[in-house]
Amino acid sequence: MKNSQHLKAYVQLHPENKMAWYLLGKEYYKNGQQGKANYCFNQAGEVYEAFEHSKVPADMLREYEEGLLREGRQRRESRLRMRRTFLALMLFLLVVIPSALAPVASTDESGEPASAAVTGNLKEPAVAEPSEDATETSAQPAMAFTAAGEDMASAGQALVKIMQSRKAPSETAVLAMKKSGRWLVWKSNLPLVATVEKNKQGKTVYQSYDPAACACVPPEAGGLKKQAAIWQDKQEELAALWSAIRSYQNSKGTLPKSLKELAKPFPGNYLGGTTPLMKQEFSALRGALNSQMPQSSAGTASPVPTTGVGEEAGNLGAKTGKSKETQQPFFSSPLKIIVDKQNHRLAVTSGSVILRNYEVGLGGNRTPEGEFAITDKVVNPNGHSNGEFGSRGMQLSDTNYAIHGTNEPDSIGKDESLGCIRMKRGDVEELFAMVPMGTKVQISKGVLPDGLLLPEESFPSGTPLDQTNPNKVYHWLN
């Protein structure tokens with residue numbers, strides 16, 4: 001019953017952790033408390049369905065449960081140390097300064113739980129080194145990749161998605177993203193957490209690659225990490241293409257027939273430019289989007305909701321090689337721009353994941369707050385690249401405000417504009433190439449982390465087509 005008590009305390013602190021509810025239910029069931037077990041299984045929802053209908057190794061569940069209990073113990077021990085320190089300090093004050101009888105404040109118990117990777121059955125997965133011809137189909141199934149938060153709840157949810165998916169590949173590798181506030185941070189070379197394999201017997205074999213979490217020596221993973229890096233390199237381009245297809249469909253009421261329809265000269269430049277990967281994957285992404293759209297009586301797809309707020313980035317089945325299956329990219333939520341007036345930051349996000357976090361110049365109260373969308377995307381606003389609007393401009397809805405470059409780089413990080421959002425030249429050119437026309441823009445305060453997120457290799461930002469607008473003089477408020 002001791003484990004039941006600890007797990008009960010854990011779910012009281014983390015009621016959203018469905019995996020913990022499932023494990024608590026298993027404990028109650030083992031102890032003959034069927035009623036309590038059924039309640040916990042109902043709270044576990046899809047986790048119960050996934051694990052009860054899959055042949056999950058018992059030691060995988062045991063390791064996960066031990067991780068939760070260890071996490072709870074660490075949290076309790078941390079609070080106990082804080083209380084003891086606080087008590088010692090108060091005793092010291094009572095002895096040294098008897099008159100200092102101030103009321104005792106309650107201790108803060110809202111700290112984040114210690115991070116721990118899900119651990120499990122130790123079995124070295126068969127990992128093939130990437131061949132020179134990585135795009136050719138092979139008899140060997142390609143390793144699929146996904147990424148999740150480094151906390152146990154996120155890792156557990158990623159495992160559940162893998163096990164629930166009937167189309168999940170035989171092997172999936174899970175990478176870990178660090179958390180910053182409410183955001184997950186997408187960085188190059190994310191660490192490998194685990195692999196999940198469905199073998200020919202239908203059993204699920206789980207391999208942890210975190211030696212501290214599993215108290216083991218994981219298999220050598222050099223080849224797997226190389227494949228993961230290749231997979232990561234592709235995801236941002238696929239996110240831009242996926243978002244552009246959705247923006248076009250919402251604007252036109254139909255899906256683009258070819259990549260060229262997304263990369264026309266101004267004003268049809270949904271994409272700032274295309275890449276070989278976009279050309280290769282356009283048909284597959286279009287097919288994936290078409291397959292999930294309700295068809296109208298006229299035979300055209302209905303517009304796609306693009307709020308992205310309730311969607312979670314992190315689809316499964318994104319492989320390193322070609323695939324004939326119509327699968328969504330990892331970043332399934334459309335790209336969105338978020339501007340933080342308090343921290344002078346502009347982020348590119350997808351769902352709960354931050355892909356970029358730039359420093360920007362703003363106008364204080366002159367910069368409006370609210371929801372906007374990128375309309376015009378213009379190269380060299382007003383005819384030149386070194387003027388007050390720099391080399392790129394993206395107008396915000398039907399307003400006189402825009403995201404643009406600047407000829408006053410010292411104003412970045414300050415409130416010196418007349419209301420527009422100023423960016424460094426390299427940053428605004430990357431943003432212009434990365435986010436399509438129609439991208440939603442949210443301006444508010446205190447919503448982004450301070451840490452900049454700028455990769456060593458920028459998103460491809462060439463503009464092969466004419467994306468200037470000589471027929472209009474922009475009167476943005478700079």
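Two strands count as paired here if DSSP finds at least two bridges between them. Keep that in mind as we walk through this predicted model, since strand β2 (residues 171-180) and strand β4 clear that bar with 5 bridges, running in the antiparallel sense.

Before going further into the strands, take a step back to the whole chain. There are 10 helices and 14 strands to find your way around. Of the 478 residues, 49% count as buried. The surface that the chain exposes comes to about 23,300 Å², and carbon and sulfur atoms supply 51% of that. If you look at contacts with a separation of 6 or more, 69% of them are between residues 24 or more positions apart.

Now back to β4, which spans residues 192-198. This strand is mostly covered, with 6 of its 7 residues buried. We've already met its pairing with β2; the other pairing to look at is with strand β5 (residues 204-208), where 5 bridges join the two strands in an antiparallel run. A handy residue to click on is Glu-197 in β4. Glu-171 stands opposite Glu-197, and Val-205 in β5 stands opposite Glu-197 as well. Follow the chain from β4 into β5 and you trace a hairpin with 5 residues between the strands. In that turn sits Gly-202, with a positive phi of about 85 degrees.

Just ahead of β4 there is another backbone spot to check. Asn-189 lies in the loop between β3 (183-185) and β4. Its phi is near 55 degrees, a positive value in a residue other than glycine. Why does that deserve a look? Most residues other than glycine have a negative phi. As for its surroundings, Asn-189 counts as exposed because its relative accessibility is 63%, and the cut-off for exposed is over 50%.

Let's move to the helices, starting with helix α2 (residues 18-30) and helix α3 (residues 34-44). These two pack at an angle of about 165 degrees, with their axes 8 Å apart. Angles over 145 degrees count as roughly antiparallel, so that is how α2 and α3 lie relative to each other. The crossing of α2 past α3 is left-handed. On the α2 side, the residues making the contact include Trp-21, Tyr-22, Leu-24 and Tyr-28, while α3 contributes Tyr-39, Cys-40 and Phe-41, among others.

Helix α8 (residues 222-252) and helix α9 (residues 276-291) give you another arrangement. Their axes come within 10 Å and cross at roughly 50 degrees, which means that α8 is oblique to α9. This crossing is right-handed. Among the residues in contact are Leu-238, Leu-241, Trp-242 and Ile-245 of α8, together with Met-278, Phe-282 and Leu-285 of α9. In the loop between α8 and α9 you'll find Pro-267. The peptide bond that leads into it from Phe-266 is cis, with omega near 10 degrees. For context, most peptide bonds are trans.

The last stop is the neighbourhood of strand β10 (residues 370-379), where Ala-373 has its place. β10 is mostly covered, with 7 of its 10 residues buried. It pairs with strand β14 (residues 440-444) through 4 antiparallel bridges, and Lys-440 is the bridge partner of Ala-373 there. Strand β11 (residues 392-396) also pairs with β10 in the antiparallel sense, again over 4 bridges; here Ile-374 is partnered by Leu-396.

Is Ala-373 buried or exposed? At a relative accessible area of 17%, Ala-373 is buried, because the cut-off is under 20%. Leaving out residues up to four places away in sequence, Ala-373 touches Gln-395, Leu-396, Ser-397, Gly-438, Thr-439, Lys-440 and Val-441. Met-394 is 21 residues from Ala-373 in sequence, and their C-alpha atoms are 9.3 Å apart.

One of those contacts, Ser-397, is worth a click too. Ser-397 sits in the loop between β11 and β12 (402-404) and has a positive phi, near 50 degrees. With 22% relative accessibility, Ser-397 counts as partly exposed.

Finish at helix α10 (residues 425-434), which is mostly covered, with 8 of its 10 residues buried. The buried ones include Val-428, Leu-431 and Phe-432, as well as the acidic residues Asp-427, Glu-429 and Glu-430.

Terms used:
Residues numbered from 1 in each chain as written. Predicted model: local features only at pLDDT ≥ 70, side-chain atom pairs only at ≥ 80, totals over all residues. Heavy atoms only, no water. Buried < 20%, exposed > 50% of the residue type's maximum accessible area, 1.4 Å probe, protein only. Contact = heavy atoms within 4.5 Å. Areas by Shrake-Rupley, 256 points an atom, 1.4 Å probe, with all protein chains shown as cover. Axes fitted to C-alpha atoms, helices over the stretch in contact; angles between N-to-C directions. Parallel < 35°, antiparallel > 145°, perpendicular 65-115°, else oblique. Left-handed = near helix turned anticlockwise from the far one by under 90°.
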